[in-house]
Amino acid sequence: MVVSPSLVVVLSSFVAGNGARRFPDFHLTGPMVLMSLRMAAVVVGRLSSRAARRGKSAQTHRIEAEKIYELTQKTTQLDIHRKPGPQLASLVQAIFAAEAVAIFDADLNEVHRAGDWFDNLEDLVRNVYFFETSDHDPETGLYRKVLRVGNLPIGALLLRGNVSELTSNAIAAVTAITFDRYHSLANESRTESARQTEQLRATVLDSLAHAYKTPLTTIRAASTGLSEMGGLTPAQSGMVALIDEQSELLNRLTDRLLKTARLETKDLVLFNETIEITPLIEDVVASVRDQLNTVSVEVVLERDNLSICCDRGLLVALLTQYIENAAKYAASETTVTITAFERRNNIVFSVHNLGPSIPASECERVFDRYFRSSVHANRTPGTGIGLSVAKRAAEAHGGHVWVASDAVRGTTFFASLPAAAQGVSC
């Protein structure tokens, strides 16, 4: 919002009229402050017109205008890193000599007060917000105001004191704008903190995954050596086989951690090349053949020469996760169907299985890191990492993922990737 200089001039010159002192210089610090000044200017103009119509004394009018301006100016000087509610309640009470002030911050679900209030204050001020009731009780001098940013309610104000309707509206507007400034800054801080946390977490994952690689390699080499030595009893051979099986599982999990860390670094570089999709899917299916031992696999491609320009390692990670996931949850003796087709310069992959469905409320969340569906969490082991890797692999190429699931038609995971990355030659 842009405020013309004339509005500010009207405000300062009006309150300076009739021999009154001029106000100190002030600084406009952003759109929210400008909005506050504009509101104050409009209110002062209305006060002037109303005073003329009702014969209100110039002295009383000037005092109200000065107080509105003072509140507007002082809110720009608040420590916006602290919750504004307590500061505003005390400020409004002091400037307008109000008997009591209460402010409800809906975002924080907190009530802040100044002055003497009755016991059920919190219920009263919350009801003003929830039922959006703004009114004035002349007998008690109590104003109820909904705090809004645009048309959005963000809180409520209770004010008991000798002020006009227009002045109470101005107080509510300045309070709402100050709240909005605070929450905007708080959201920016939370976003930056989350970004830094994600970077730290990715670094830790990468370090741990690399640290695990060395002992894993040693364990696998030792178990292979034991098998080749021969002379083991059946029980000993079984234990060696178990070591091989579990170390292979741990190796796959470590690879996923490394992929997760790589996908989340801001310096991620894709190694794009032209990939023939038919042999790629065949390779992935072969690599997870052990997990597919209770189901059959069907591959359906739109055409045999279908290809894509992408990072092969990331696409393999995506498809491996989809196929392993389908095998894990598919009903025994059913078919896992893998398809690929081209639509509007995108290659769409899908992996379908028949088995327990995913609740509709969880379909968006299954791609979140560490999330596991409530239907499967206690039935099938897992880490909740794999699908988040698949999502990030698709997003790294400018693509996206989604899932469709119901009890009759089964569950299908989709991934759509550009057939050729924009600005990249393969």
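How far is the sulfur of Cys310 from the closest cysteine sulfur, and which residue holds that neighbor? The closest one sits in Cys309, 7.1 Å away, which is too far for a bond. Keep in mind that this is a predicted model. With a disulfide needing two cysteine sulfurs within 2.5 Å, the count comes to zero disulfides. Cys310 is buried, at 1% relative accessibility, and Cys363 is buried too, at 14%.

Now for the charged pairs. A search of the whole structure turns up twelve salt bridges. Here are three of them:

| Salt bridge | Closest N to O distance |
|---|---|
| Arg148 with Glu132 | 3.0 Å |
| Arg303 with Glu302 | 3.8 Å |
| Arg343 with Glu302 | 2.8 Å |

Take Arg343 and Glu302: Arg343 lies in strand 9 (residues 335–343), while Glu302 is in the loop between strand 7 (296–301) and strand 8 (307–311), so their bridge ties together parts that are 41 residues apart in sequence. Salt bridges with shared partners link Glu302, Arg303, Glu342 and Arg343 into one network. Partly exposed residues here include Glu302 at 39% relative accessibility, Arg303 at 35% and Arg343 at 42%.

Arg148, in strand 4 (residues 142–149), pairs with Glu132 from the loop between helix 5 (121–131) and strand 3 (135–137), so this bridge connects parts 16 residues apart in sequence. Arg148 is partly exposed at 34%, and so is Glu132 at 41%.

Last stop, helix 4. Its 13 residues (84–96) should span 18 Å, and its end C-alpha atoms are indeed 18 Å apart. Buried residues in helix 4 include Leu88, Leu91, Val92 and Ile95. Just after the helix, Ala97 takes a positive phi of about 50°.

Technical notes: Residues are numbered from 1 along each chain as its sequence is written. This is a predicted model: local features need pLDDT of at least 70, side-chain atom pairs count only at pLDDT 80 or more; totals for chains, interfaces and linings use all residues. Side-chain values use heavy atoms; hydrogens and water are left out. Buried means under 20% relative accessible area, exposed over 50%, partly exposed in between (1.4 Å probe, protein chains only). Helices (H or I, at least four residues) and strands (E, at least two) are DSSP runs, numbered from the N terminus. The expected span of a helix is 1.5 Å times one less than its number of residues. A salt bridge is a side-chain nitrogen of Lys or Arg within 4 Å of a carboxyl oxygen of Asp or Glu.
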